[in-house]
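Me: I would like to go through this model with you and ask, for each descriptive term, what justifies it. Please set the values against the cut-offs as we go.

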Amino acid sequence: MGTKSKIVLGAVVGLVVIGAVSANGGDGGTGSADKGASASADKQPGGAKDAGADTADAADKAGQTEQKASQAEQFKAFVQENGTDQEKEAVSHVTKVQGADDQNDILDTADVYTDFTGGIMGEGTGPAKLIASAFADWKQSANGLVTVYDADGELLGNGQF
């Protein structure tokens with residue numbers, strides 16, 4: 001690779017990183033301010049309302065934790081409802097999904113873990129493409145990449161979503 005190519009590649013990577021950081025920085029600031037304002041409005045002096053708000057907050061946090069923990073189940077349910085028979089068979093091997101709920105349409109990545117073995121030379125390479133395709137039907141992004149791994153964490157395949 002020539003010197004000019006390295007410089008151009010470095011500049012492109014730098015611009016992508018700067019864009020991702022600035023986009024994430026802007027969303028986090030406004031989201032936090034909005035949440036803080038509503039939380040302070042709910043916690044006005046008054047006793048009974050405070051106790052109810054704390055209980056509701058605890059229930060919301062439990063629901064969010066449950067939702068994050070069940071990304072694989074949400075994905076499987078979507079494929080059971082909308083997928084082909086081959087996709088349903090392939091997705092039945094999914095054990096864990098990470099990153100499906102954190103999207104910013106700049107550099108979205110998601111990881112899907114399966115119970116296949118053998119890495120890229122094993123039995124899971126074909127089904128990995130079906131899993132990536134089904135994932136693209138489930139989640140949409142302007143610039144997303146889903147990666148499918150086997151039981152040992154070895155790469156099976158990837159695809160855009």
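Reply: Let me begin with the surface: the accessible surface of the protein chain comes to about 10000 Å², and 56% of that surface belongs to carbon and sulfur atoms. The model is a predicted one, and buried residues make up 24% of the 161 residues in the protein chain.

Me: What makes up the protein chain in terms of helices and strands, and in which order do the elements run?

Reply: The protein chain has five helices and four strands, and read from the N terminus its elements follow the order α-α-α-α-β-β-α-β-β. Of the contacts between residues at least 6 apart in sequence, 55% join residues at least 24 apart.

Me: Why is α3 called roughly perpendicular to α5?

Reply: The axes of helix α3 (residues 71-82) and helix α5 (residues 125-138) come within 10 Å and cross at roughly 90°. Angles from 65 to 115 degrees count as roughly perpendicular, and therefore the crossing makes α3 roughly perpendicular to α5.

Me: Which residues of α3 and α5 meet, and what is the character of that contact?

Reply: On the α3 side the residues are Q71, Q74, F75, F78 and V79, and these meet I131, A134, F135, D137 and W138 in α5. The residues of this contact divide into seven nonpolar, two polar and one charged.

Me: Why is F75 called buried, and what does F75 touch?

Reply: F75, which is found in helix α3, has a relative accessible area of 0%, and because buried means under 20%, F75 is classed as buried. Not counting residues up to four places away in sequence, F75 touches V91, V94, V97, I131, A134, F135 and W138. As for one of these, F75 and V94 are 19 residues apart in sequence, with a C-alpha to C-alpha separation of 9.0 Å.

Me: How do you know whether V79 is buried or exposed?

Reply: V79, also placed in helix α3, has a relative accessible area of 1%, and since the cut-off for buried is under 20%, V79 is buried. Leaving aside neighbours within four places in sequence, V79 is in contact with E87, K88, V91 and A134. The C-alpha atoms of V79 and A134 are separated by 6.8 Å, although these two residues lie 55 residues apart along the chain.

Me: Which residues in the largest nonpolar core touch the most other members, and which elements give two or more residues to this core?

Reply: The largest nonpolar core has 21 residues, of which F75, V94, V97, V112, I131 and F135 touch the most other members. Two or more residues come from each of α3, α4 (85-91), β1 (94-98), β2 (108-114), α5 and β3 (144-149), and α5 gives the most, with six residues. In soluble globular proteins, nonpolar side chains tend to be buried together. To take V112 as an example, its contacts beyond four places in sequence are V94, K96, V97, I131, F135, V146, T147, V148 and Y149.

Me: Why is D105 called partly exposed, and what is the value of its phi?

Reply: D105 is found in the loop between β1 and β2, and its relative accessible area is 43%; because buried means under 20% and exposed means over 50%, this value falls in between, and D105 is partly exposed. Phi of D105 is near 60°, which is a positive value in a residue other than glycine. Most residues other than glycine have a negative phi.

Notes
Residues are numbered from 1 along each chain as its sequence is written. This is a predicted model: local features need pLDDT of at least 70, side-chain atom pairs count only at pLDDT 80 or more; totals for chains, interfaces and linings use all residues. Side-chain values use heavy atoms; hydrogens and water are left out. Axes are lines fitted to C-alpha atoms, for helices over the stretch in contact, and angles run from 0 to 180 degrees between N-to-C directions. Angles under 35 degrees count as roughly parallel, over 145 as roughly antiparallel, 65 to 115 as roughly perpendicular and the rest as oblique. Contact means heavy atoms within 4.5 Å. Ala, Val, Leu, Ile, Met, Phe, Trp, Tyr, Cys and Pro count as nonpolar, Asp, Glu, Lys and Arg as charged, and the others, Gly among them, as polar. A nonpolar core is a set of buried Ala, Val, Leu, Ile, Met, Phe, Trp, Tyr and Cys residues joined through side-chain atoms within 4.5 Å. Buried means under 20% relative accessible area, exposed over 50%, partly exposed in between (1.4 Å probe, protein chains only). Accessible areas come from the Shrake-Rupley method with a 1.4 Å probe; for residues, only the protein chains shown count as cover.
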